[in-house]
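Welcome, and please load the structure in your viewer. We will walk through it one selection at a time, with a short account of what sits at each stop.

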Amino acid sequence: MTVNNFGSLTGYSHGYTLPGMETMGERVRARRKQLGMSQAELAVAVGCSQPSIKKIEAGGKTTLLLELAKALQVDVQWLKSGGKLADNSQATHQVSENNGESQTVSLRPIVAWDSEEELGDEYIFLPRLRVKLSAGEGTLLYEIDEKGQRQAFRKAWAQRLGVKQESAATMVADGMSMEPRIQDGDSLVVDYKETWITSGKVYAIAFAGEVYVKRLFKRPDGGVRIVSDNPDKTRYPDWDVEPQMLANLQIIARIIAVSGAV
């Protein structure tokens with residue numbers, strides 16, 4: 001099992017070229033996703049806003065090259081022109097500013113581990129949350145799989161996002177309705193005790209005998225708007241749950257973070 005600086009499972013090796021990245025924005029996005037970071041997490045590490053990261057990834061210009069290089073654990077020159085990504089096993093790495101000054105940045109290598117004891121107290125370990133419908137009644141059953149392989153996350157990362165270890169678990173995204181942010185097969189960190197609705201947040205829910213991951217919005221009349229992030233509304237339409245039908249909507253958990261492959 002391997003775990004990177006942000007705790008998401010990964011199978012990348014050292015010294016490689018990430019394909020299909022013609023622009024700096026594409027390189028930033030690919031490297032961010034490789035590290036398992038959200039735009040909001042990268043923004044915190046860089047010291048800017050999430051919309052600024054979104055603008056950079058869309059091709060906008062930036063003066064934050066040094067900060068991006070530090071946060072993404074890459075060289076400024078790689079951000080500018082691409083090519084082979086430097087070996088991440090080095091203890092330090094030189095990044096340069098536009099004025100020619102350089103600074104040594106400490107990097108964290110990918111860590112291979114077989115047992116939790118090998119990682120020590122720098123990491124937390126979250127179990128898998130399994131959700132299924134009981135036979136006949138359609139009642140949701142929850143299972144926290146403490147016996148299976150737990151997923152490792154850096155403790156500092158978890159604290160920054162407000163992850164509560166006593167109520168956090170992982171799930172796997174199924175389907176494409178929440179693309180581009182959540183891809184099919186992504187690992188989701190969830191809080192299964194946060195079962196109230198905060199408008200605009202993403203939740204794992206059960207409705208009419210099916211389990212979904214959706215963005216929820218409270219309606220003024222007490223109903224709930226259920227939204228898919230995927231812009232293809234023909235395939236992934238939004239829908240409303242009327243106030244009198246709320247008994248059919250069950251909140252399983254709030255999605256806190258997402259990690260997955262590029």
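A residue is called buried here when its relative accessible area is under 20%. Keep in mind along the way that you are looking at a predicted model.

**First stop: T170**

Select T170, which you will find in strand β9, residues 168-172. With a relative accessible area of 5%, T170 falls under the 20% cut-off and is therefore buried. What is T170 in contact with, leaving aside its neighbours within four places in sequence? Show the side chains of L126, P127, R128 and L129, which are among its contacts. Then add Q151 and F153, followed by S187 and L188, to complete the list for T170.

**Second stop: helix α4**

Now move to helix α4 and select residues 65-72. Is this helix largely enclosed or largely open? Of its 8 residues, 6 are buried, so the rest of the structure largely encloses α4. To see them, colour L65, L66 and L68, then A69, A71 and L72: these are the buried residues of α4. As you look along the axis, it helps to recall that an α-helix has 3.6 residues a turn, so residues three or four places apart point the same way. Step just past the end of α4 to Q73, where the backbone takes a positive phi of about 60°.

**Third stop: the aromatic rings**

The structure holds 3 aromatic pairs. Begin with F207 and W239, a tilted pair whose centres are 6.1 Å apart, with 40° between the planes. F207 belongs to strand β11 (residues 202-207) and W239 to strand β14 (residues 239-241), so this pair ties together parts that are 32 residues apart in sequence. Switch on a surface and compare the two partners: F207 is buried at a relative accessible area of 16%, whereas W239, at 21%, counts as partly exposed.

Keep W239 selected and add Y212. Their ring centres lie 5.4 Å apart and their planes meet at 65°, so this pair is edge-to-face. Because Y212 sits in strand β12 (residues 210-218) and W239 in strand β14, the pair ties together parts 27 residues apart in sequence. Y212 has a relative accessibility of 27% and so counts as partly exposed.

For a last view, display F207, Y212 and W239 together: ring pairs link these residues into a cluster.

How values were computed
Residues numbered from 1 in each chain as written. Predicted model: local features only at pLDDT ≥ 70, side-chain atom pairs only at ≥ 80, totals over all residues. Heavy atoms only, no water. Buried < 20%, exposed > 50% of the residue type's maximum accessible area, 1.4 Å probe, protein only. Helix = DSSP H or I, 4+ residues; strand = E, 2+ residues; numbered from the N terminus. Phe/Tyr/Trp six-rings, centres within 6.5 Å; stacked < 30°, edge-to-face > 60°. Contact = heavy atoms within 4.5 Å.
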